[in-house]
Amino acid sequence: MCSTCGCGQPDGAGTRLTVVHGHDHEHSHDDHEHAAGHGHGHGHEDGSGHGHGHEAGAAHEHGRGHGVEKVIAEPETRTVLLEQEILAKNDGLAAANRHSLVERGISAVNLMSSPGSGKTTLLEHTIRAVGDRRQALVIEGDQETLYDAERIRATGSKVVQINTGAGCHLDAQMMSSGLAELDPPDGSLVFVENVGNLVCPALFDLGEAARVVIISVTEGADKPAKYPYMFRTADLVLLNKIDLLPYVDFDVELCLSLIARIKPDAKILQVSATKGDGMDAWYDWLAKL
Amino acid sequence: MHELAIAESVVGAVVDKVGDGAVVAVRVEIGRLSGVVADSLRFCFEVVVNGTGLQDARLDIDEPSGRAYCRTCGDEFELDDPIMLCPCGSADLEVLSGQQLRIISVEVV
């Protein structure tokens, strides 16, 4: 079963990966992209209680001529110790992603927030601002549509859209597939716009160099307290849309103090992606990656 | 619902280890500070085991408490709340345990 959406397809089959071109056609990779997942066909059959593991269809006879009466007993069980991390597979893939990125001097930044915090707008302005110094490319994560990818493409940046279907986060396998399609040049900057969600993406390492959590002043100032796991993973918190502070009921001090309670060493920058306030500090932070 | 992906990871890891044979029980450790909800995991486990050797398996979940060390007062204490505060008021803590997501063992026929 697919881990992304719980459908009956092989793992990853519910995820669509689309390279967004500047032309008038699009193509998806539904028919071949993830077909080589893990096809462990579960071939066990009901009634296979007797333990001589014959192949299905192999000629043999039961019940006669054994010469020994067998006592049917409750099957004994044995315990196999695993002692392994549940997310070992994801974390292994993430480590491979990280290794490959570091080797090629590519910095990947994972942007996470609730929907509507301004991630795509932030990216549009950031790409235009830093693009002269360092090529910026984007992996877009959304459940559906190419809307954000089209906006990024309009900046001239190369972009790959990953649609997760019912999935609520990107994982290291999706990151790996996205990077393979994106094919970022050595030394470039890759932004990952994660699925808008302050819960699930927190648990999944993609192999990124840094995790940035964005909260906007049109949300509640109590968000950090409500979603502590997400804020605890942040290398940087961006408080966005500060140009709207005169018009909204948002207690900046409360928000900052809650972030500090959850992650005392969190770096926090206050910005307005649309108006440009504070954005130079964000660009300086990126330049150090 | 990241518990679905967690449940799928459990099943995948168990199948990788013991093959497609019948599994009687799986024991996992879900720390109270891990961000994974045990009841949600049980629900998702029932969904994802269909068609695998785990379809009749019991999921045993241990939920160890968290422990933290306070860098301000030097105290070590039990902690189950994701908003981490020392009784002294400091948030400058080092989490010692409670964030683990581990498969401990599998019981097979």
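**Helix packing and burial in a predicted model**

Tutor: In this predicted model, the crossing of α1(A) and α4(A) is left-handed.

Student: What makes the crossing of α1(A) and α4(A) left-handed?

Tutor: A crossing takes that name if the near helix is turned anticlockwise from the far one by less than a right angle. Helix α1 (residues 88–103) of chain A and helix α4 (residues 172–182) of chain A pack at an angle of about 30 degrees, and their axes are 8 Å apart.

Student: Which residues of α1(A) and α4(A) make the contact?

Tutor: From α1(A) come A:N90, A:L93, A:A94, A:N97 and A:L101, and from α4(A) come A:A172, A:Q173, A:M175, A:S176 and A:L179. By class, this contact has 6 nonpolar residues, 4 polar residues and no charged ones.

Student: Why are α1(B) and α2(B) called oblique to each other?

Tutor: Helix α1 (residues 2–18) and helix α2 (residues 38–48) of chain B pack at about 55 degrees, with 8 Å between their axes. Angles under 35 degrees count as roughly parallel, and 65 to 115 as roughly perpendicular. The angle of about 55 degrees belongs to neither class, and α1(B) and α2(B) are therefore oblique.

Student: What is the hand of the crossing in which α1(B) passes α2(B), left or right?

Tutor: That crossing is right-handed. The contact joins B:E3, B:L4, B:I6, B:A7, B:E8, B:V10 and B:V11 of α1(B) to B:S40, B:L41, B:C44, B:F45 and B:V48 of α2(B). It comprises 9 nonpolar, 1 polar and 2 charged residues.

Student: How do you know on which side of α7(A) its buried residues lie?

Tutor: The buried residues of helix α7 (residues 252–262) of chain A are A:V252, A:C255, A:L258, A:I259 and A:I262. They cover an arc of only 130 degrees around the axis, so they lie on the same side of α7(A). Among the elements that cover them are β7 (210–216), β8 (236–240) and β9 (267–270) of chain A.

Student: Why is A:E76 called exposed?

Tutor: The relative accessible area of A:E76 is 70%. Exposed means over 50%, so A:E76 qualifies as exposed. A:E76 is found in the loop between β1 (16–19) and β2 (78–85) of chain A. Leaving aside neighbours within four places in sequence, A:E76 is in contact with B:V108 and B:V109.

Student: What is the secondary structure of chain A, and what share of its residues is buried?

Tutor: Chain A has 8 helices and 9 strands. Of its 289 residues, 46% are buried.

Methods
Residues numbered from 1 in each chain as written. Chains lettered and ligands numbered in written order. Predicted model: local features only at pLDDT ≥ 70, side-chain atom pairs only at ≥ 80, totals over all residues. Heavy atoms only, no water. Axes fitted to C-alpha atoms, helices over the stretch in contact; angles between N-to-C directions. Helix = DSSP H or I, 4+ residues; strand = E, 2+ residues; numbered from the N terminus. Contact = heavy atoms within 4.5 Å. Nonpolar A, V, L, I, M, F, W, Y, C, P; charged D, E, K, R; others polar. Parallel < 35°, antiparallel > 145°, perpendicular 65-115°, else oblique. Buried < 20%, exposed > 50% of the residue type's maximum accessible area, 1.4 Å probe, protein only. Arc of directions from axis to C-beta.
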